[in-house]
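Let's take a friendly walk through this fold, from its backbone framework to its charged side chains. Have the structure open and turn it as you read.

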Amino acid sequence: MAELIFFSGTMDCGKSTLALQMDHNHRARGRAGLLFSSHDRAGEAMISSRLGLQTGAVEVTDSTDFWAEIVRRRTAAERVDYLICDEAQFYTGEQIDQLARIVDEMDVDVFAFGITSDFRTRLFPGSQRLIELADRVQVLQVEALCWCGRRATHNARTIDGVMVVEGDQVVVGDVELQQVQRDPLQPELPIAEGAADDAPHPPVTGYETLCRRHHTRRVTLRTANAMKSNEMLLPFSP
């Protein structure tokens, strides 16, 4: 029996790595599948992992019709045994309905991978519909960590390291920036080569995983470091 399985978790917990590993395992057993993604960090029509793995995929847009796509391929005598659907939080509710129909009526396994909630802790439409329809929802066991060392449970959007809670739901960024010279008070922000420490830089949109406590308090790595640098030592006498 085919299944619709939703693998969920915060950013940086290995969803895309697992998606690529699952595709490899199924292909190694002679099964034929299709890979889909949307707004991947590596660019259009890609599934990429922060471990350096990446492969081509079909880019999902608002006009993508999964049912029509699989019907077209099967009509052309192409085998489709399973679908790998990465970044499924960006899919529409109607597209998730199409994936469920493919499972039920075509007996094709669908493995969807995605973030559950956005930077405002609101459910993404695609993730919400997956939770409602999936045969199984599996939370990935690899735990992303907050800067404090606790398990990260929420995704935070940052502008120059400062957490924001307003803006469009979908803005592509990353939890990792290029490893270059860092501002000591803003270690997550790069300083352009040859630029002065006080030189202005364009706003950098990024993402950071936080525990619930620090997400609620809006304490990112940058703000935590800034608070630490401003701490005053008590004047104890020797």
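What you are looking at is a predicted model. A good place to begin is the sheet. In what order do its six strands lie? Following the sheet across, you meet E5, E2, E6, E7, E1 and E8, in an open arrangement with parallel pairing. The edges belong to strand E5 (58–59) and to E8, each of which pairs on one side only.

Now look at helix H1, residues 15–28, which packs on this sheet. H1 touches E1, strand E2 (33–37), E6 and E7, and its direction makes about 160 degrees with that of E7. Helix H4, residues 125–133, packs on the sheet as well. H4 is in contact with E1, E7 and E8, and the angle between its direction and that of E1 is about 130 degrees.

For a closer view of one strand pair, go to E6 (residues 82–85) and E7 (residues 109–114). These two run parallel and are joined by four bridges. Within this pair, Tyr82 stands opposite Asp109 in E7.

With the framework in place, we can turn to the charged side chains. How many salt bridges does the model contain? The count comes to 11. One of them is formed by Arg136 and Glu3, whose closest N and O atoms are 2.9 Å apart. This pair links distant parts of the chain: Arg136 sits in strand E8 (residues 136–139), while Glu3 belongs to the segment before strand E1 (4–8), and 133 residues separate the two. Are these partners buried or exposed, or something in between? Arg136 has a relative accessible area of 35%, so it counts as partly exposed. Glu3 is partly exposed too, because its relative accessible area is 26%.

A second place to visit is helix H2 (residues 66–75), where Arg72 and Glu69 both lie, three residues apart, or about one turn of the helix. Their side chains meet in a salt bridge, with 3.0 Å from N to O. Glu69 has 18% relative accessibility and therefore counts as buried, the cut-off for that label being under 20%.

Close by in sequence numbering, Glu78 forms a salt bridge with Arg73, and here the closest N and O atoms are 3.0 Å apart. Arg73 is buried, with a relative accessible area of 15%, whereas Glu78 is partly exposed at 32% relative accessibility. Put these residues together and a wider pattern appears: Glu69, Arg72, Arg73 and Glu78 are linked in a network of salt bridges.

Notes: Residues numbered from 1 in each chain as written. Predicted model: local features only at pLDDT ≥ 70, side-chain atom pairs only at ≥ 80, totals over all residues. Heavy atoms only, no water. Salt bridge = Lys/Arg side-chain N within 4 Å of Asp/Glu carboxyl O. Buried < 20%, exposed > 50% of the residue type's maximum accessible area, 1.4 Å probe, protein only. Pairing = 2+ DSSP bridges. Contact = heavy atoms within 4.5 Å. Axes fitted to C-alpha atoms, helices over the stretch in contact; angles between N-to-C directions.
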